[in-house]
Amino acid sequence: MKETVNDTLPLKYVLLFIALSFIAVIQTAQASDPNNGRVLYMQHCNTCHEPGREIAGAPDFNYGSAMMQSDMSLLGKIRSGKNAMPGYTGILTDRMILDIISYMRTF
Ligand code: HEC
């Protein structure tokens with residue numbers, strides 16, 4: 001019986017360690033990924049927002065002033081669209097849009 005108690009105690013710590021490792025892995029996976037964002041930007045945004053070219057009144061994100069707003073503000077505008085800019089709700093997930101925003105911050 002004494003052996004069981006001694007065996008159980010370290011196992012608790014092993015399980016706790018495994019649980020904390022999973023949390024760390026999940027949080028890493030949720031960080032915005034600018035490389036994925038670049039691929040999505042090329043597919044969905046570059047035709048109108050090609051850096052260095054001003055096309056049909058679409059802001060050039062090369063200029064810092066266009067990016068002087070929070071991720072949540074950009075996310076809202078990209079979700080719902082604005083005048084000639086189409087909305088992306090139902091086309092891109094918030095996760096994908098946040099990846100795109102993290103890429104736009106590298107311009
Ligand atoms: C069909 C052309 C077109 C496409 C495609 C497009 N946009 Fe736009 N976008 C525009 C235009 C035009 C505006 C300016 C709207 C206005 O202010 O009247 C705009 C505005 C924006 C704004 C708002 C800037 C501000 O603060 O007012 C953001 C952010 C943005 N676009 C991001 C994106 C992203 C990210 C994508 C790809 C997922 C994208 N756009 C795809 C044309 C486009």
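Where does Asn 83 sit? In this predicted model, Asn 83 falls in the loop between α3 and α4 (94–104). Its backbone is a bit out of the ordinary for a residue that is not a glycine, as phi is positive, at about 50 degrees. Asn 83 has just 5 other C-beta atoms within 10 Å, and because the cut-off for an exposed residue is 12 or fewer, Asn 83 counts as exposed.

Ala 56 tells a similar story elsewhere in the chain. Here too phi is positive in a residue other than glycine, with a value near 50 degrees. Ala 56 belongs to the loop between α2 (34–44) and α3 (71–80). With 9 C-beta neighbours inside 10 Å, Ala 56 stays under the cut-off as well, so it is classed as exposed.

Then there is the ligand. The shell around it is made up of 20 residues, and Asn 83 turns up again among the closest, together with Cys 45, Cys 48, Ala 58 and Met 85. Of the elements, α3 puts in the most, with three residues. By character, the shell splits into 13 nonpolar residues, five polar ones and two charged ones.

As for the overall fold, the protein chain is built with four helices and zero strands, so read from the N terminus its elements simply go α-α-α-α. Only a modest share of the chain is packed away: 13% of its 107 residues count as buried. Among contacts between residues at least 6 apart in sequence, 56% link residues that are at least 24 apart.

Definitions and conventions: Residues numbered from 1 in each chain as written. Predicted model: local features only at pLDDT ≥ 70, side-chain atom pairs only at ≥ 80, totals over all residues. Helix = DSSP H or I, 4+ residues; strand = E, 2+ residues; numbered from the N terminus. Buried ≥ 20, exposed ≤ 12 C-beta atoms within 10 Å, placed from the backbone. Near = placed C-beta within 6 Å. Nonpolar A, V, L, I, M, F, W, Y, C, P; charged D, E, K, R; others polar. Contact = placed C-beta atoms within 7 Å.
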